[in-house]
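I keep these entries as a record of what I looked up, in the order I looked it up. The structure goes in first, then the notes.

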Amino acid sequence: MSDKSGESRPRGEKGQKLWVGPKSRWVPVMVLVVVAVGAAGLTWLLTNIFDRQQEAKSPYNQVVALDEKTYDSEVWGKNFPKQYEGFKKTSEMNPDKTEPREPTKDDPRTEIAVSKLEEDPRLVTMWKGYAFSVDYRRPRGHEYMLEDQQLTRRMTEFEQPGACLNCHVSLPEVTDSLGDGDHAKGWAEMNKLPYGEAVEHAGGPIGCIDCHDPETMELRITRPAFEEGIAKYKESQGIKDFDVNTDATHQEMRTFVCAQCHVEYYMTPEDKTLTFPWDNGLTVDDAIDYYDEHEFSDFEHEKTGANVIKAQHPEFETWSNGTHAQNGVTCADCHMPYKRDGAAKISEHQVTNPMRTDEGINSSCLTCHNATEDEMRERVGTITGRWQESKDMSFDALDALIADLDEAVKEGRSDEELKLAREYQRRAQFIIDYSVSENSHGFHAPQYSITILNQATDYARKGQLALHGVDVDAGPVSTTAKVNQP
């Protein structure tokens, strides 16, 4: 028997008729569609995972071949466009730290960093008789490191050695050129050449080849001074024959590549070889002891006759004495933090102060600190503010000592009478210079920075007391230093 539609109805148990309507017939089709879509989605997901894995294993496409002669960072940028994009942003300047200028034939710059000498005339007093008392400005980005060095009055009005290029130029090109492929020979030649001759071999500021092996892309050290300096420091810690390019960990290298330049150094009197004073350790007292042992001074102070040392830019040494170093935080973790580009993890190559933007604070500070961007700015402001207060106290004490010594010299007092006060000036001045030139305003090692400034204040006040005939404890003060450089 059939229903009115003429379709047969299947029978169920006990002869009951089962109805199969139009919707029921679509169920198998819908199941097939869902299964197909699910299979397609799963296939896409697995393919995407595979692609991401491959992307992570090979985070760049080799467009051009790189080797030890590839000095131009733009060529590296063809393989690493994201990193190169960040690297070029080092040309961005903070408008609060720059000022416009009229270009000239000899100096085509239309913008320069503000003068630190104008901001704090005590610097001029401290460096009286040395080139830094004539021109000293805030640092600009890496893009300008060579240009600003070439055009500073310290170079145009004073004779300087080629060793000054160590921190301001892409070094492999210079040493290759001067040494005909022999980097050690080229390094020695560059150091002793006059700056004007040595700089002719420079192609530009620091580039990719200075920090990366062109074959493996691994971080590496290209400055012989750092290789030797870190080996001597490690030996002072009981580690002999340390080869930084084979023995350092990847995390260490994320600081060491920066420490090639951001350090204290001097040039040996005999051959102007750029040297790091790390034989005794990495504190400011270790450096003073080293210079005393080598009877080294940079110049004789014009007003006081003291043989004093000019500090450079000891960011690495200061960081080494701070909490971030003790907890394994590197220079790159803050100034070149990791970021995601697809499945790849790359470093931000703008190399800037993370406090400039919320994004910078988030990627640098907030990976460890449970705080907001504003809270981190407040913390940093507190640290740098306290350092500023300590620095001003120390500077005022040094200023007073220099004024008293200047007066004593004019009175015609003997060298023997002035010896101890001059030695206190040597120590106080170097410590203040060391902290001022370090560029982090105390942030890299807050407690250490304030401690050494307090020490400088003590030295300056003891120098004044010595001048006035008060018996003071000379402590570790040496009286052997001689001026070895003009």
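The entries below take up charges, rings, backbone angles and a few distances in turn.

**Entry 1: the kind of model**

I note at the start that this is a predicted model.

**Entry 2: salt bridges**

How many salt bridges does a search of the whole structure find? I get 34 salt bridges. I looked up three of them.

I began with Arg122 and Asp396, whose side chains meet in a salt bridge at 2.9 Å, N to O. I then checked where the two partners sit. Arg122 is in helix α5, residues 122-126, and Asp396 is in helix α19, residues 373-410, so this pair ties together parts that are 274 residues apart in sequence. Arg122 counts as buried, with a relative accessibility of 15%, because buried means under 20%. Asp396 is partly exposed at 43%.

Next I took Arg153 and Glu157. Their closest N and O atoms are 2.7 Å apart, and the two form a salt bridge. Arg153 is partly exposed, at 38% relative accessibility. Glu157 is partly exposed too, at 46%.

The third bridge I wrote down joins Asp392 and Lys391, with the closest N and O atoms 3.7 Å apart. Are its partners buried or exposed? I find Asp392 partly exposed at 25% relative accessibility, while Lys391 counts as buried at 8%. I also noted a network made of salt bridges that share partners: Arg101, Asp107, Arg109, Arg140, Glu147 and Asp148 are joined in it.

**Entry 3: a charged patch**

Which residues form a negative surface patch? I list Glu227, Glu228, Asp241, Asp243 and Asp247. I followed up one of them, Glu227, which lies in helix α11, residues 224-236. Glu227 has a relative accessible area of 31% and is partly exposed. I checked this value against the cut-off, because patches are made of residues with over 30% relative accessible area and no salt bridge. The 31% of Glu227 is therefore enough on the area part of that rule.

**Entry 4: aromatic rings**

I turned to the rings of Phe, Tyr and Trp, which pair if their centres lie within 6.5 Å. By this rule the count is 22 aromatic pairs. One of the pairs is Tyr266 with Tyr291, which is edge-to-face, at 5.3 Å centre to centre and with 85 degrees between the planes. Tyr266 belongs to strand β3, residues 266-267, and Tyr291 to helix α14, residues 284-293, so the pair ties together parts 25 residues apart in sequence.

Are these two tyrosines buried or exposed? Tyr266 counts as buried, with 6% relative accessibility. Tyr291 also counts as buried, with 0%.

I then looked for ring pairs that link up. Phe226, Phe256, Phe276, Trp278, Phe316 and Trp319 are linked into a cluster by ring pairs.

**Entry 5: positive phi angles**

I went through the backbone angles with one general point in mind. Most residues other than glycine have a negative phi. Where does a positive value turn up in a residue other than glycine? I recorded Asp180, with phi near 50 degrees, and Asn439, with phi near 80 degrees.

Both entries needed a location. Asp180 lies in the loop between α8 (171-179) and α9 (183-192). Asp180 is exposed, its relative accessible area being 70%, because exposed means over 50%. Asn439 is in the loop between α20 (415-436) and α21 (446-467). At 34% relative accessibility, Asn439 is partly exposed.

**Entry 6: distances between C-alpha atoms**

I closed with two distances. Val124 lies in helix α5, the helix that also holds Arg122 from my salt bridge entry. Val124 is partly exposed, with a relative accessible area of 23%. Its C-alpha atom is 9.3 Å from that of Tyr136, and the two residues are 12 apart along the chain.

Where is His294 found? I place His294 in the loop between α14 and β5 (299-300). His294 is partly exposed, with 40% relative accessible area. From His294 to Thr268 I have 9.7 Å, C-alpha to C-alpha, across 26 residues of sequence.

Definitions and conventions:
Residues are numbered from 1 along each chain as its sequence is written. Side-chain values use heavy atoms; hydrogens and water are left out. Patches are made of residues with over 30% relative accessible area and no salt bridge: like charges are joined within 9 Å, nonpolar side chains (Val, Leu, Ile, Met, Phe, Trp, Tyr) within 5 Å. Accessible areas come from the Shrake-Rupley method with a 1.4 Å probe; for residues, only the protein chains shown count as cover. A salt bridge is a side-chain nitrogen of Lys or Arg within 4 Å of a carboxyl oxygen of Asp or Glu. Lys and Arg count as positive and Asp and Glu as negative; His and the chain ends are not counted. The place of a charge is taken as NZ of Lys, CZ of Arg, CG of Asp or CD of Glu. Helices (H or I, at least four residues) and strands (E, at least two) are DSSP runs, numbered from the N terminus. Buried means under 20% relative accessible area, exposed over 50%, partly exposed in between (1.4 Å probe, protein chains only). Rings of Phe, Tyr and Trp (its six-membered ring) pair if their centres lie within 6.5 Å; planes under 30 degrees apart count as stacked, over 60 as edge-to-face and the rest as tilted.
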